[in-house]
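Hi everyone, thanks for making time today. I'd like to walk you through a structure that is new to most of us, so please have a look at it with me.

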Number of protein chains: 2
Amino acid sequence: MSETEKPKCHSLAKDEGLTNGGNIVSSNVSDEMTEKLDLATVYVSDAQYNRNIFFDTSPQAVRLYLLYNHWFMQTLVYVFIIINLALALFEDPAVVPLPIWATSTIEIVCLSAFTVRIVHYAKVIPKDKFWKDPKNICIIIIVTLSFIDLTIYGALKTSGYFAIRWSRVLRPLLLVNVTEGRQLRRAFRSIRNALPQISYVFLLFMFSVLVFSLMALKLFGKRGLFTIDGSPYFTDYLDIVFDLYVLVTTANSPDVMMPAYNYSVFFTIFFILYIVINTYTFMSFFLAVVYNNYKKYLKEEVRQLVKARRYKMCRAFSLLQETRGEGGEPVVTQAKWNHLVKLVKPNISIAHRELLWSVLDDQNKGHIGKFAFVQLADLLSIQVITVKSQAHPIQICFPSLYNSSASRFIRYMVHHRMFVYIYDLIILVNAVFIGLDEENPVVSNAEWGFLALYMLEIILKLYSTEPRAFFARHHFWNWFDTIIVVSALFGTIINSALKHSGGYTSRQILDIVFILRVLRLIRLVDSIKRFRSIINILIKIGPTILIFGQLIVVVYYIFAMVGMELFKGKVRFFEPNSTSPDQEYCGNPLLKGTTFAKLNYCKNNFNNVISSFIVLLELTVVNQWHDILYNYRSKSFILEAFLVEYTIDKSDLQTSLEKKIEELELNVQQDGMDTGLVDAMESNDSDLGSSEAGKQKPSLMFKIASRRSRTVDGLLQRMFETDLRPEDFNEEEEPENINFSNPVFDSV
Amino acid sequence: MSETEKPKCHSLAKDEGLTNGGNIVSSNVSDEMTEKLDLATVYVSDAQYNRNIFFDTSPQAVRLYLLYNHWFMQTLVYVFIIINLALALFEDPAVVPLPIWATSTIEIVCLSAFTVRIVHYAKVIPKDKFWKDPKNICIIIIVTLSFIDLTIYGALKTSGYFAIRWSRVLRPLLLVNVTEGRQLRRAFRSIRNALPQISYVFLLFMFSVLVFSLMALKLFGKRGLFTIDGSPYFTDYLDIVFDLYVLVTTANSPDVMMPAYNYSVFFTIFFILYIVINTYTFMSFFLAVVYNNYKKYLKEEVRQLVKARRYKMCRAFSLLQETRGEGGEPVVTQAKWNHLVKLVKPNISIAHRELLWSVLDDQNKGHIGKFAFVQLADLLSIQVITVKSQAHPIQICFPSLYNSSASRFIRYMVHHRMFVYIYDLIILVNAVFIGLDEENPVVSNAEWGFLALYMLEIILKLYSTEPRAFFARHHFWNWFDTIIVVSALFGTIINSALKHSGGYTSRQILDIVFILRVLRLIRLVDSIKRFRSIINILIKIGPTILIFGQLIVVVYYIFAMVGMELFKGKVRFFEPNSTSPDQEYCGNPLLKGTTFAKLNYCKNNFNNVISSFIVLLELTVVNQWHDILYNYRSKSFILEAFLVEYTIDKSDLQTSLEKKIEELELNVQQDGMDTGLVDAMESNDSDLGSSEAGKQKPSLMFKIASRRSRTVDGLLQRMFETDLRPEDFNEEEEPENINFSNPVFDSV
């Protein structure tokens with residue numbers, strides 16, 4: 001692999017004017033070296049986070065670029081986007097009305113922030129690249145239009161004219177077009193790519209519906225049948241099309257079939273055929289086509305991502321490389337590497353850094369070649385938890401007490417399997433008590449008992465496990481338990497205090513207490529190994545589902561804005577105790593006698609942004625067809641993510657890191673891997689002696705974090721890792737025709 | 001590959017007492033050779049159809065076995081099974097009542113046929129194998145129990161007692177247990193295998209529903225809310241569980257949410273969370289788990305199938321092999337091979353057989369080794385269509401007329417692309433006319449015009465294409481067109497004759513005519529390339545869907561039998577013009593005032609087998625949960641089948657066969673591959689000269705048939721072909737631990 005690339009990396013170094021790049025061997029870090037390290041840092045972190053921004057390589061631009069990518073700046077951008085989107089809550093038609101001057105001021109602040117951000121971006125990348133990027137043009141247009149709309153709206157409103165805030169539909173597009181929205185852009189892109197294929201199936205499906213409708217018209221239209229409402233059955237072609245279209249979602253089955261069935265049993269053949277062909281076959285076909293296309297395009301995108309990442313690492317290498325001996329391979333020394341890692345990940349522990357180095361520099365040569373260097377970006381994205389084995393605070397303060405036989409017995413008990421079983425039983429009993437009427441004094445008093453038991457559990461566990469280890473960041477269930485129990489305790493106390501003081505019981509507090517009590521039952525899941533693994537999968541694919549949350553917000557927001565302008569006030573909701581005669585028909589005479597009014601759907605309206613979102617959600621849920629694309633696409637994504645989590649082994653790199661940890665005998669016991677406390681306890685309970693007085697553990701241990709906190713990009717890459725290996729790990733030429741929307745590295 | 005297997009095949013030959021198996025070189029086919037050929041034939045056809053029956057290898061048993069596998073016997077078995085199942089139509093509660101003696105007689109005939117079949121089977125395979133096979137035991141038990149039940153039922157009925165035909169639930173099990181039901185057994189087996197994994201997800205899902213229900217009870221139970229019917233909202237735990245369970249199918253959304261939403265907008269969060277977690281996430285998870293498990297087990301089964309097939313071919317080879325020269329490889333001569341192929345596929349054309357030989361014997365050596373021989377089973381299952389290029393009958397009878405310039409112009413016209421476009425336009429216009437009121441005289445007369453146009457099209461095509469080629473078995477659309485048009489013509493004539501004669505119009509005939517007219521529109525699909533490919537995929541996966549049809553019949557039949565005994569007569573349907581007061585509540589006072597009666601669902605009852613099937617289908621469609629397994633499993637199967645059809649390339653073997661055909665310059669133009677007439681025309685219309693006076697075509701041509709007629713086994717094998725190659729094509733040891741339900745070849 002390395003033979004063919006040497007010249008390329010050299011030439012890269014030359015391209016950037018670093019002609020003596022291969023010969024710097026100096027212990028003093030010169031200015032030039034600092035700049036190079038800065039640039040290399042940027043390359044590595046770009047590779048790590050899959051950023052594809054063609055920034056200026058001048059030292060000043062690099063420093064600006066580092067600032068641009070600072071987490072604080074990125075968070076700030078999202079805060080402003082959320083504030084901007086949330087303005088819909090306060091603008092007419094509002095949930096909480098605010099005067100126009102207030103919302104306008106907030107909007108101007110947000111828009112200014114976006115302007116500053118885009119100006120910052122313009123300073124980082126070359127001018128020609130900036131204007132070639134549709135994202136930047138989009139943001140500029142959105143901000144400009146919003147300013148114009150705001151001005152017009154303000155002017156019209158103050159002079160008392162009718163005005164529409166039309167630029168509000170543009171707001172969610174910022175989510176897509178900001179630099180950080182690359183995963184969302186990828187999602188939209190793969191929808192767009194899958195569209196042509198899907199549209200053919202969709203057209204054929206529609207053709208099938210139309211043909212069936214025509215047949216239904218001919219078969220039933222002249223028979224004089226009536227529906228249960230007394231209206232004529234299947235006499236109007238367009239009505240039939242709509243009815244049969246709805247039948248695909250099975251929402252009106254079997255009602256739509258009953259008049260024909262009552263007339264003759266043979267007509268059911270028509271409906272059975274329809275359901276088999278359109279509901280089952282076509283829907284499966286849709287799923288297959290979407291899944292297939294989705295996978296295909298995603299694979300290509302990930303391939304490009306990996307290519308770009310390798311190219312960036314190669315650039316970083318060429319900046320830091322030096323040649324050992326005559327005609328030797330270019331290498332990077334440990335000193336420079338350490339410097340680089342410190343810059344890329346400032347809060348990395350020395351131990352962790354040394355672990356990474358020992359993985360890369362297998363033969364302990366003190367320098368690494370390009371092949372090893374390139375792996376750094378991947379290695380950094382594997383979360384390694386550094387566990388410092390510390391003595392329990394009580395053991396330090398009162399060693400004799402902590403090591404007494406009573407104390408040891410308690411700790412043995414807590415770590416015993418039975419302890420878990422007993423508490424599972426307690427939770428089950430608690431579930432029954434929760435189900436009972438809480439106004440019964442026995443039940444409400446029992447709640448105190450349960451709370452005491454749970455508190456005892458947490459205290460006992462804290463006693464037998466080192467508190468900092470107990471509350472380590474990756475111990476999800478410990479945090480969950482503690483928060484739930486402590487909040488429930490406070491809630492119950494407040495509730496009971498309120499009750500005793502004035503007889504007044506706040507329903508809100510009681511609701512929260514109830515929710516907390518029920519949530520406690522989820523703990524049961526953690527005790528059953530199979531369930532725990534399913535839950536872990538669900539938690540792991542959480543971040544990926546979030547991307548689709550964003551996608552849905554973008555789509556819903558646009559529809560909600562349009563819907564609100566079109567339908568606000570058309571349907572009104574009256575409080576149940578209202579005496580208005582309009583209540584019967586939701587305040588709209590057109591709805592008199594409709595099923596909509598009869599079923600009391602009045603609150604399903606577009607009168608404010610929250611109602612609009614709920615209406616849109618209902619439409620999505622019931623008539624899944626209305627956004628089949630998003631639906632199937634997300635289904636297909638979730639399917640793939642599940643399959644990956646369900647089947648794939650750890651990546652090679654992760655395995656090699658684990659091996660190294662084991663080699664160094666610094667591993668935490670494997671059973672506690674990604675399971676949290678309970679498993680760790682289970683593996684500890686074999687005998688008392690070994691866990692206490694056994695061989696001295698090293699004071700520092702590592703373990704690979706559960707993949708819970710992996711990024712979406714990481715998941716994507718893992719999806720296709722096995723498919724990618726052969727072709728992509730050999731070629732490292734510049735990724736020329738990458739079709740990211742971001743500008744790409746073309747030949748400098 | 002061949003080095004390691006030689007000894008094995010030799011030892012096999014010895015095992016069967018054929019010690020001189022390697023030395024027979026005789027042109028006269030001796031008795032012993034006939035027997036060997038018979039046995040080899042059986043092995044090859046077993047391999048071809050994936051039969052895994054451990055039959056006796058004595059010449060007599062082999063001949064019996066050949067009879068047992070004769071297509072006529074197999075068809076007969078299915079005919080009797082269908083008759084047996086169809087008896088439910090005539091038995092009480094009957095669709096068409098028949099006296100007990102009639103149905104009993106038919107049933108006795110069927111049961112006797114099954115008995116004969118199982119006795120035949122017992123004669124074919126060794127006794128110990130017969131009694132070890134649960135399938136045989138099942139059949140014997142089913143037949144015995146049916147006889148007993150029939151006797152008891154007859155005795156009780158004649159003496160006037162109440163009696164139940166309980167053995168009817170056993171009938172569909174015959175479908176699963178007959179030798180030919182191996183694909184159905186495989187389907188059931190993979191359901192059973194996937195069950196444990198699925199049940200964990202299901203349990204967790206149920207846990208989630210229960211927890212949510214508990215939360216709903218606590219949040220809404222005490223708030224005094226009411227549903228739209230006026231009943232208290234969410235006060236009973238079990239009702240809540242049911243409501244939320246139904247919400248997963250989105251059937252009662254948004255009604256179930258409205259009371260809470262009307263009370264407070266915050267409660268929608270509860271429902272949104274519920275839908276996101278249970279409807280979307282868990283359902284995707286289910287699909288992923290089912291798909292994954294299904295794929296895993298199927299792969300293993302197919303692996304075993306391929307192994308068994310290779311083993312059988314190896315056995316056949318060892319029967320026919322002879323050694324060329326000293327220490328040479330054992331080979332099979334062309335003469336023997338020809339003999340074998342003629343026995344395996346009696347109606348194979350000589351040309352086809354020689355084509356196959358030339359594929360196997362690449363270097364024209366006159367004999368083939370084991371590696372080539374083993375491929376025979378796969379080669380035979382590729383359908384090759386032998387197209388004899390014959391002159392048009394009119395050309396033979398009236399050559400001058402047929403070759404006149406007018407005739408040539410007509411043929412040129414018919415083959416022109418415009419011809420297709422014009423007829424597409426005609427169909428579209430026809431669609432509009434169908435939609436219009438057919439009692440309008442203009443419309444009904446126009447129908448005659450359309451019929452004439454369609455007849456003209458068929459005649460013109462028959463004139464310009466050789467009729468036998470036009471009606472070749474694989475030209476689906478030609479057959480479709482002709483049948484539809486000719487039947488529509490007859491139907492319209494009969495209908496019009498009836499109308500003119502007595503003024504009486506039979507609705508049935510009119511219905512059929514209408515259906516035929518609408519079906520004609522499907523032709524449009526064939527003109528659009530993309531649509532055609534989708535339709536072809538749908539047709540191709542047809543046979544695989546049929547297996548699931550059988551599976552559903554088995555399940556439905558059992559439920560229908562139980563349902564009929566339990567519920568027959570409980571709900572009655574009254575004709576719409578009936579004046580009975582019971583009509584209001586379906587003849588059951590318990591249903592008075594229920595939604596069931598109000599929506600006029602009376603015909604959804606268990607009063608006969610057809611009604612029962614329709615009720616079960618409705619339950620499947622609306623509450624997809626009731627048989628989530630079958631649903632998801634079939635979905636997962638269809639998904640996989642679609643993906644395979646959508647992505648996979650032709651198998652290597654098929655490609656090599658195609659190459660050979662091309663090499664021999666005997667191929668029909670590739671464009672007409674699996675597309676039928678239209679494509680063939682399109683590729684012909686380039687210029688008049690070449691299609692007429694071009695180079696003389698060979699009188700015999702081959703083409704690979706569309707994979708339309710492939711077997712399910714073939715599809716399955718193709719699914720995993722790429723995955724299977726490395727491990728399975730090297731090892732040919734006996735398939736010892738195959739877990740087929742059929743007895744397997746263990747060491748003789």
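How many bridges join strand 1 of chain B to strand 2 of chain B, and do these strands run parallel or antiparallel? There are two bridges, and the strands run antiparallel. Before I go on, please keep in mind that this is a predicted model.

Let's stay with that part of chain B for a moment. Strand 2 covers residues 330–333, and its partners in strand 1 can be named one by one. B:Thr323 has B:Pro330 as its bridge partner, while B:Glu322 is matched with B:Val331. On to the next pairing: strand 2 of chain B is also joined to strand 3 of chain B by two bridges, again in an antiparallel arrangement. There, B:Val332 stands opposite B:Ile368.

Put together, this gives an open sheet of three strands in chain B, ordered 1-2-3 with antiparallel pairing. Its edges are strand 1, at 322–323, and strand 3, at 367–368, each of which pairs on one side only. As a general reminder, strands of a sheet pair through backbone hydrogen bonds.

Now, which way do the residues of strand 2 point? In strand 2 of chain B, B:Pro330 and B:Val332 point one way, B:Val331 and B:Thr333 point the other way, and all of them are buried. That fits the general pattern, in which side chains of a regular strand alternate between the two faces of the sheet. Something also lies across this sheet: helix 13 of chain B, residues 334–344, lies across strands 1, 2 and 3 and runs at about 60 degrees to strand 2.

Next, a pair of helices. In chain B, the axes of helix 4 (residues 71–86) and helix 5 (residues 100–124) come within 9 Å of each other and cross at roughly 145 degrees. The crossing of these two helices is left-handed. Helix 4 of chain B brings residues including B:Met73, B:Val77, B:Phe80 and B:Ile81 to the contact, and helix 5 of chain B brings, among them, B:Ile106, B:Val109, B:Ala113 and B:Phe114. Sorted by class, the contact between helix 4 and helix 5 of chain B has 10 nonpolar, three polar and two charged residues.

The loop between helix 4 and helix 5 of chain B holds B:Pro93, and the peptide bond from B:Asp92 to B:Pro93 is cis, with omega near -5 degrees. Chain A has a cis bond too, joining A:Asp92 and A:Pro93 with omega about -5 degrees. A:Pro93 is likewise found in the loop between helix 4 and helix 5 of chain A. In general, most peptide bonds are trans, and most residues other than glycine have a negative phi.

That brings me to two residues with a positive phi. B:Phe234, with phi near 55 degrees, lies in the loop between helix 9 and helix 10 of chain B. Is B:Phe234 buried or exposed? Its relative accessibility is 4%, so B:Phe234 counts as buried. A:Asn364, with phi of about 60 degrees, sits in the loop between helix 14 and strand 3 of chain A. A:Asn364 counts as exposed because its relative accessibility is 68%.

Finally, some totals for chain A. Chain A has 35 helices and five strands, and 52% of its 748 residues are buried. The accessible surface of chain A is about 34,200 Å², with 64% belonging to carbon and sulfur atoms.

Thanks for listening!

Methods: Residues numbered from 1 in each chain as written. Chains lettered and ligands numbered in written order. Predicted model: local features only at pLDDT ≥ 70, side-chain atom pairs only at ≥ 80, totals over all residues. Heavy atoms only, no water. Axes fitted to C-alpha atoms, helices over the stretch in contact; angles between N-to-C directions. Helix = DSSP H or I, 4+ residues; strand = E, 2+ residues; numbered from the N terminus. Left-handed = near helix turned anticlockwise from the far one by under 90°. Contact = heavy atoms within 4.5 Å. Nonpolar A, V, L, I, M, F, W, Y, C, P; charged D, E, K, R; others polar. Pairing = 2+ DSSP bridges. Buried < 20%, exposed > 50% of the residue type's maximum accessible area, 1.4 Å probe, protein only. Areas by Shrake-Rupley, 256 points an atom, 1.4 Å probe, with all protein chains shown as cover.
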